[in-house]
Amino acid sequence: MYTALKDYPDAIHVVIDGIAASAASLIAMAGDTITMPIGSIMMIHDPANWFVEGRGTEADHLRSAANLRTLSNAYAKIYAARADIPVEEAREIMRAETYLDGAEALAAGFATST
């Protein structure tokens with residue numbers, strides 16, 4: 001969804017009227033503008049996987065961890081590009097499972113207006 005919106009030829013105006021948590025916060029990053037009025041919340045976190053494929057062997061868990069690392073790094077690049085911060089800083093925000101109100105998201109570069 002992020003890429004489809006980002007590639008859209010016209011301007012994308014995102015308004016977070018409630019909560020944009022998890023993948024919704026990632027999709028919101030595609031906006032040319034991201035407005036977070038009072039009372040809105042954005043939550044940014046690491047991707048998670050509640051299960052592993054296979055029998056749950058060490059190899060299954062390692063494969064799952066490698067896949068999550070790939071997703072995390074790809075998502076961090078999107079957050080970093082929006083906020084104009086280093087990718088590792090975006091990773092720390094994700095690892096911390098960060099909740100931001102409109103003013104905090106604006107200050108951090110994840111929103112363009114409140």
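This report describes a pair of strands, an aromatic pair and several salt bridges in one protein structure. The model is predicted, and its values are computed from the atoms.

**The strands**

Strand β4 covers residues 41-44, and four bridges join it to β5. The two strands run antiparallel. One of the partnerships can be named: Met42 has Leu100 in β5 as its bridge partner.

Strand β5 itself covers residues 98-101, and its side chains alternate between two faces. Thr98 and Leu100 point to one face, where they are buried. Tyr99 and Asp101 point to the other face and are not buried. Leu100 therefore belongs to the buried face, since burial here requires under 20% relative accessible area. Leu100 is also the residue that partners Met42.

**The aromatic pair**

The structure contains one aromatic pair. Its members are Tyr79 and Phe110, arranged edge-to-face, with 6.0 Å from centre to centre and 90 degrees between the planes. Tyr79 sits in helix α3 (residues 58-83), while Phe110 sits in the segment after α5 (102-108), so the pair ties together parts that are 31 residues apart in sequence.

Are the two rings' residues buried or exposed? Tyr79 has a relative accessible area of 3% and is buried. Phe110 is buried as well, with a relative accessibility of 1%. Both values fall under 20%, which is why both residues count as buried.

**The salt bridges**

Side chains of opposite charge can pair when their charged atoms come close. In the whole structure, four salt bridges are found. The table gives three of them, with the separation between nitrogen and oxygen.

| Residues | N to O distance |
|---|---|
| Arg63 and Asp60 | 2.6 Å |
| Arg95 and Glu88 | 2.9 Å |
| Arg95 and Glu92 | 2.7 Å |

Take the bridge between Arg63 and Asp60. Both residues lie in helix α3, three residues apart, or about one turn of the helix. Tyr79 of the aromatic pair lies in helix α3 too. The two partners of this salt bridge do not fall in one exposure class: Arg63, at 46% relative accessibility, is partly exposed, whereas Asp60, at 8%, is buried. The cut-off explains this, because a residue counts as buried under 20% and as exposed over 50%, with partly exposed in between.

**Arg95 and its surroundings**

Arg95 belongs to helix α4, which covers residues 87-95. Which residues share a salt-bridge network with Arg95? Arg95 and Glu92 meet in a salt bridge. Arg95 and Glu92 are three residues apart in helix α4, so about one helical turn separates them. Through salt bridges that share partners, Glu88, Glu92 and Arg95 are joined into one network. The other bridge of Arg95 named above is the one to Glu88.

The members of this network can also be described by exposure. Glu88 is partly exposed, with a relative accessible area of 44%. Glu92 is likewise partly exposed, with a value of 44%. Arg95 is partly exposed at 43% relative accessibility.

Arg95 also has surroundings from elsewhere in the chain. The C-alpha atoms of Arg95 and His45 are separated by 5.9 Å, although the two residues are 50 residues apart along the chain. When neighbours within four places in sequence are left aside, Arg95 is in contact with Asp46 and Glu88. Glu88 thus appears twice in the description of Arg95: as a contact and as a salt-bridge partner.

Key. Residues numbered from 1 in each chain as written. Predicted model: local features only at pLDDT ≥ 70, side-chain atom pairs only at ≥ 80, totals over all residues. Heavy atoms only, no water. Buried < 20%, exposed > 50% of the residue type's maximum accessible area, 1.4 Å probe, protein only. Pairing = 2+ DSSP bridges. Contact = heavy atoms within 4.5 Å. Phe/Tyr/Trp six-rings, centres within 6.5 Å; stacked < 30°, edge-to-face > 60°. Salt bridge = Lys/Arg side-chain N within 4 Å of Asp/Glu carboxyl O.
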